[in-house]
Amino acid sequence: MVAPLGIVPAAGGGSRLWPYRAAKELIQIGYETVAADGGPGRLVPKAAIDHVLDAMRRGGVHSAFVVLSPVKWEVFRYLGSGGQRGMQLSYLCQEEPLGMPHALDLAHPFIGDRTVCMGMPDTLLAPDDCFAKLLAFHEKRDADLSLGLFPVADPRAFAPVVLDPGTGRVVDIVDKPEVPPVATVWGIAAWSPAFGELLHEFVRSAGAGVPGEGLLSEAFLQAARCGLQVYGLPFDTGEYHDIGTPAGLLHVRRRFEPDLGGLS
């Protein structure tokens, strides 16, 4: 079996953190211990994007594309080849802000018949083996698209996913609803070539020359409604943390750096 391929879309401008202008993917969230030339390990900062790459690697993903914009050179410089994290990283450039479906579709010529898994560089998730569990679920269901679903306190800022209770199939996805139908939102995804082709056509038909055209949740829902096998895997006791806003960043740092608990 060919190992799955990862995609991490990191081309966004981080407008919700304005006027902060550095790459949000490199914001320190917690620490990790690294080996030091055979001696005792030492504690070093861990960047936000490291968390999603580590979770992918635990799921058996050894190669991944990171999609960057031309102003995100520092992310490439930080990650390099990926060898430090036990991965092989390649890079794609989204030269204009054309939205996440377009960013993901840049990998289309290189994927072939491989299974793809996607995670965001500005979210931290639990459990640590969420990609491993999603990929196993995806294979067992022989799915075209599988979404990892996580509970959140306020789903109005996200895209809640409604499942058929009997089959686990996705029946609706509502982007940023005023009245959320459920409190679980998609946080990671795995897909097979059939959905990759649908996404490719979705981007073409949406008009790739229009900035921000098309939401990824719309492509997910289109897949469910056109007959592809689209399932959701709820992580009922999981965690989903978004660092894309000042409030979210502060919450995550309190969670992963408890000594900051008194910061207000």
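The following conversation goes through helix 6, some aromatic pairs and the confidence of a predicted model.

Colleague: What makes the model fit for local statements, and how are residues numbered?

Modeller: Residues are numbered from 1 along each chain as its sequence is written. As the model is predicted, local features need pLDDT of at least 70 and side-chain atom pairs count only at pLDDT 80 or more, while totals for chains, interfaces and linings use all residues, and side-chain values use heavy atoms, without hydrogens and water. On pLDDT, the predictor's confidence in each residue from 0 to 100, the protein has a mean of 91, with 93% of its residues at 70 or more. Over residues 260-264, however, pLDDT stays under 50, and the model has 6 contacts (heavy atoms within 4.5 Å) beyond four places in sequence for them.

Colleague: How do you know that the span of helix 6 agrees with its number of residues?

Modeller: Helices are DSSP runs of H or I with at least four residues, and strands are runs of E with at least two, numbered from the N terminus. The expected span is 1.5 Å times one less than the number of residues; for the 14 residues of helix 6 (residues 193-206) this gives 20 Å, and the end C-alpha atoms are 20 Å apart, so the two agree.

Colleague: Which residues of helix 6 are called buried, and why are they said to line one face?

Modeller: Buried means under 20% relative accessible area, exposed over 50% and partly exposed in between, with a 1.4 Å probe and protein chains only. The buried residues of helix 6 are Phe-195, Gly-196, Leu-198, Leu-199, Phe-202 and Val-203. Seen down the helix axis, they fall within an arc of 160 degrees (taken from the directions from the axis to the C-beta atoms), so they line one face. On the other side, Arg-204 and Ser-205 are exposed, whereas the cover of the buried residues includes helix 3 (100-105) and strand 11 (184-191).

Colleague: Why is the pair of Phe-76 and Tyr-91 called edge-to-face?

Modeller: Rings of Phe, Tyr and Trp (its six-membered ring) pair if their centres lie within 6.5 Å, and planes under 30 degrees apart count as stacked, over 60 as edge-to-face and the rest as tilted. By this rule there are 10 aromatic pairs. The centres of Phe-76 and Tyr-91 are 4.8 Å apart and their planes stand at 85 degrees, so the pair is edge-to-face. Phe-76 lies in helix 2 (residues 73-79) and Tyr-91 in strand 5 (residues 88-93), so the pair ties together parts 15 residues apart in sequence.

Colleague: What makes Phe-76 count as partly exposed?

Modeller: Its relative accessibility is 30%, so Phe-76 counts as partly exposed.
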